[in-house]
Amino acid sequence: MSNVYEALGVPTVINAVGPSTRLSGGIMRPEVAEAMAAASQHCVDIAQLQARASQVIAEYTGAEAGYVTSGAAAGLLLGTAACVTGLDPGKMNRLPDTTGMKNEVIMARSHRNFYDHAVRSVGIKLVEVGIADRFSGAGVRDAEGWEIGAAVNEHTAAVVYVSYAHTQPPLAEVIAAAHAHGVPVIVDAAGQVPPVDNLRRFISEGADLVAFSGGKAIGGPQSSGILCGRADLITSVALQHLDLDVMPALWNPPPELIDRAQLPGAPQHGIGRPCKVGKEEIVGLLTALRLFVEEDPAVRHQRWLDKMTALVQECGTLAHATAEVVADRKRVAVPTVRLTLDEESAGLSALELVRALEEGTPSIAANPTYVQEGVVVFGPMCLRSGEESAIAARLRALLGA
Ligand SMILES: *Cc1c(COP(=O)(O)O)cnc(C)c1O
């Protein structure tokens, strides 16, 4: 199958980072690729397909409704737009001009990241709260729930919460503070599965909308995602995302997704229109989601662990580095290999090792997050069978076996 890339003259990469967008995401299961190919051979009413997707996502997440987006970041944009406009088509048409609307979104300052560009692109004013005092090493505190509540005013459209295992303040506190003022909470949970329970966790804690990536561990198409949550907000999302170049007399959306009776009229193409999602992505995402939920998490973990164990074993004893598997399921959702380099005796730094791996043939992409500590990390999620051996061979050549 690499021949499509050969024909284009684009080299394939051994991806030991994970389903990173920069590296084109992961390796799709054949069942998902086959479902996408089958989907491509027929046409459907895309709103009906999203309405069915809503039911399937609702089943897997416990939310009232769901929607297939072109990624978690698109979910943040669409979810923010829904919180700003509600079901008012006039407001939908005016975005990103939010004059006269609820147009402030609150985030803890420590949650700020460049995916929040998607939130800001709706035309809102981002209101930052709290100081991540822990960052300096001198402090012990981060933003607290009450500070979120204190920042709410009559212009507040939503609170955005970025979820990681270490995120402070706890989601429950933020939800309590926001809901006390009737303000919805949008959770960025892009990479928070596995564990599979997290598909339900944020909704069950009371989040109004939750955005997941479809192209990370769920194993869907790289440009897919899930947004799930309150039915009225998902209706607003659909209205601002679906193609609405349709004559009002012919507009017949599925009532379970869009209830026309609630609307004075139809909006035009919305702010979400550039984030369009194809039928192939919708079908691929739903197929991947089903396979992901059905797979025993212990089996999935073992499959990843086997690759990482093989990598360490095949490295054997390296002259200038030690490789160990990190797989404590309480601490890490996905097992990895941590390679600690003796930079002095190796005569190269961890960063230089990452570059040497990338510049070899085939190129090997490793995770450079911890190079300043002399550590290079390898992950199993996007490795094709046998690629762990290719990585081990390269490491032995570069680091002295
Ligand atoms: C990956 C990621 C995103 C973006 O997800 P896409 O599905 O690529 O749009 C957003 N937020 C966080 C925290 C992420 O890790």
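A helix here is a DSSP run of H or I at least four residues long, and helices are numbered from the N terminus. This sense of the word applies to the legends below, which show a predicted model.

**Figure 1. R300 in helix α12.** Helix α12 covers residues 297-315, and R300 is part of it. R300 has a relative accessible area of 4%, and because buried means under 20%, R300 counts as buried. Leaving aside residues up to four places away in sequence, R300 touches V196, F292 and E295.

**Figure 2. The side chains of R300 and E295.** This view shows one of the neighbours of R300, E295. Their side chains are joined by a polar contact of 3.4 Å. The cut-off for such a contact is 3.5 Å between N or O atoms, so the pair at 3.4 Å falls within it.

**Figure 3. The shell of residues around the ligand.** Ten positions are labelled in this view: T21, G71, A72, A73, Y115, Y164, D188, A190, S213 and K216 surround the ligand. Sorted by class, the shell contains five nonpolar, three polar and two charged residues. D188 and K216 belong to this shell, and Asp and Lys are counted as charged. Among the nonpolar residues are Y115 and Y164, since Tyr is placed in that class.

**Figure 4. Oxygen atoms of the ligand and their partners.** Which parts of A72 and A73 lie beside ligand oxygen atoms? For A72, a backbone N or O atom is 2.8 Å from an oxygen atom of the ligand. For A73, a backbone N or O atom is again involved, at 2.9 Å from a ligand oxygen. With K216 the partner is in the side chain, where an N or O atom is 2.9 Å from an oxygen atom of the ligand. Taken alone, the ligand would expose 390 Å², and the protein buries 86% of that area.

**Figure 5. The whole protein, for orientation.** The protein has 15 helices and 12 strands. Its radius of gyration is 23 Å, close to the 21 Å that the globule rule gives for 401 residues, so the protein is as compact as a globular protein of that length. The C-alpha trace spans about 70 × 60 × 35 Å along its principal axes. Of the 401 residues, 50% are buried. Among contacts with a separation of 6 or more, 67% are between residues 24 or more positions apart. The exposed area of the protein is about 18800 Å², and carbon and sulfur atoms supply 53% of it.

Key
Residues numbered from 1 in each chain as written. Predicted model: local features only at pLDDT ≥ 70, side-chain atom pairs only at ≥ 80, totals over all residues. Heavy atoms only, no water. Near = heavy atom within 4 Å. Polar contact = N/O pair within 3.5 Å; in protein donor to acceptor, adjacent residues only side chain to side chain. Areas by Shrake-Rupley, 256 points an atom, 1.4 Å probe, with all protein chains shown as cover. Helix = DSSP H or I, 4+ residues; strand = E, 2+ residues; numbered from the N terminus. Buried < 20%, exposed > 50% of the residue type's maximum accessible area, 1.4 Å probe, protein only. Contact = heavy atoms within 4.5 Å. Rg over C-alpha atoms; globule rule 2.2 N^0.38 Å.
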